[in-house]
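User: I would like a close look at a single part of this protein, with its surroundings brought in afterwards. Please take me through it step by step.

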Amino acid sequence: MLEPLRQGLPPLDPTAVSNAASCALPARYEAVREARHFTRRTLDQWDVGHRFDDVCLVVSELVTNALRHALPAVAPRPADRDGEHEPPQVRLHLMRWTERMVCAVRDPSNDSPVAREADDFSAESGRGLFLVDSFCDSWGWHPLAGTLSGKVVWAMFRLQPEA
């Protein structure tokens, strides 16, 4: 999952991740609030709560985009043993190195994220990736490989070196 993060960025050694956390999010809009709470708890545990506002905004936008644009395009999954359909999930990953942090949102769609022109700043939607680009140091996406289908949209934040 981290290989594309290295493209065009300073080297990130996946074995040097000092902290990592992830959570599965249900396919409903309340998941955005759950993602914010998870992010708050995680950043506080990592003593980088001072970056919460920027990171939380980006997490909210990435999760909202996944819920709004990635899930409807996915065909229903086969029923499980109990006859229930398991809804496709979005997964939030937070990874921290000494001077960087990455938020990555995995979803089941193979469609690339599309940044719209931010001409109408009074519009209620359509500015999510513009905001992501404004509040993080870099962002991108890549399709999942192997047996996993879907994609990961990620955003990287530089952290102040620890004193």
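**A strand and its partner**

Analyst: In this predicted model, V153 of strand β5 is the bridge partner of W141. That pair belongs to the pairing of β4, residues 138–143, with β5, residues 151–158, two strands that run antiparallel and are joined by six bridges. Along β4 the side chains alternate, with S138, G140 and H142 pointing to one face, where they are buried, whereas W139, W141 and P143 point to the other face and are not buried. W141, the residue whose partner is V153, therefore lies on the face of β4 that is not buried, where buried would require under 20% relative accessible area.

Turning to the wider setting, the protein holds three helices and five strands, and its elements follow the order β-α-α-β-β-α-β-β from the N terminus on. Two of the helices, α2 (residues 52–70) and α3 (residues 128–135), pack with their axes 9 Å apart and at an angle of about 150°; because angles over 145 degrees count as roughly antiparallel, α2 and α3 are roughly antiparallel to each other. Their crossing is left-handed, and the contact is made by D54, L57, V58, E61, L62 and N65 from α2 together with G128, L129, L131, V132 and F135 from α3. By character, the residues of this contact divide into seven nonpolar, two polar and two charged.

For the protein as a whole, 41% of the 163 residues are buried, and of the contacts between residues at least 6 apart in sequence, 64% join residues at least 24 apart.

Key. Residues numbered from 1 in each chain as written. Predicted model: local features only at pLDDT ≥ 70, side-chain atom pairs only at ≥ 80, totals over all residues. Heavy atoms only, no water. Axes fitted to C-alpha atoms, helices over the stretch in contact; angles between N-to-C directions. Helix = DSSP H or I, 4+ residues; strand = E, 2+ residues; numbered from the N terminus. Parallel < 35°, antiparallel > 145°, perpendicular 65-115°, else oblique. Left-handed = near helix turned anticlockwise from the far one by under 90°. Contact = heavy atoms within 4.5 Å. Nonpolar A, V, L, I, M, F, W, Y, C, P; charged D, E, K, R; others polar. Buried < 20%, exposed > 50% of the residue type's maximum accessible area, 1.4 Å probe, protein only. Pairing = 2+ DSSP bridges.
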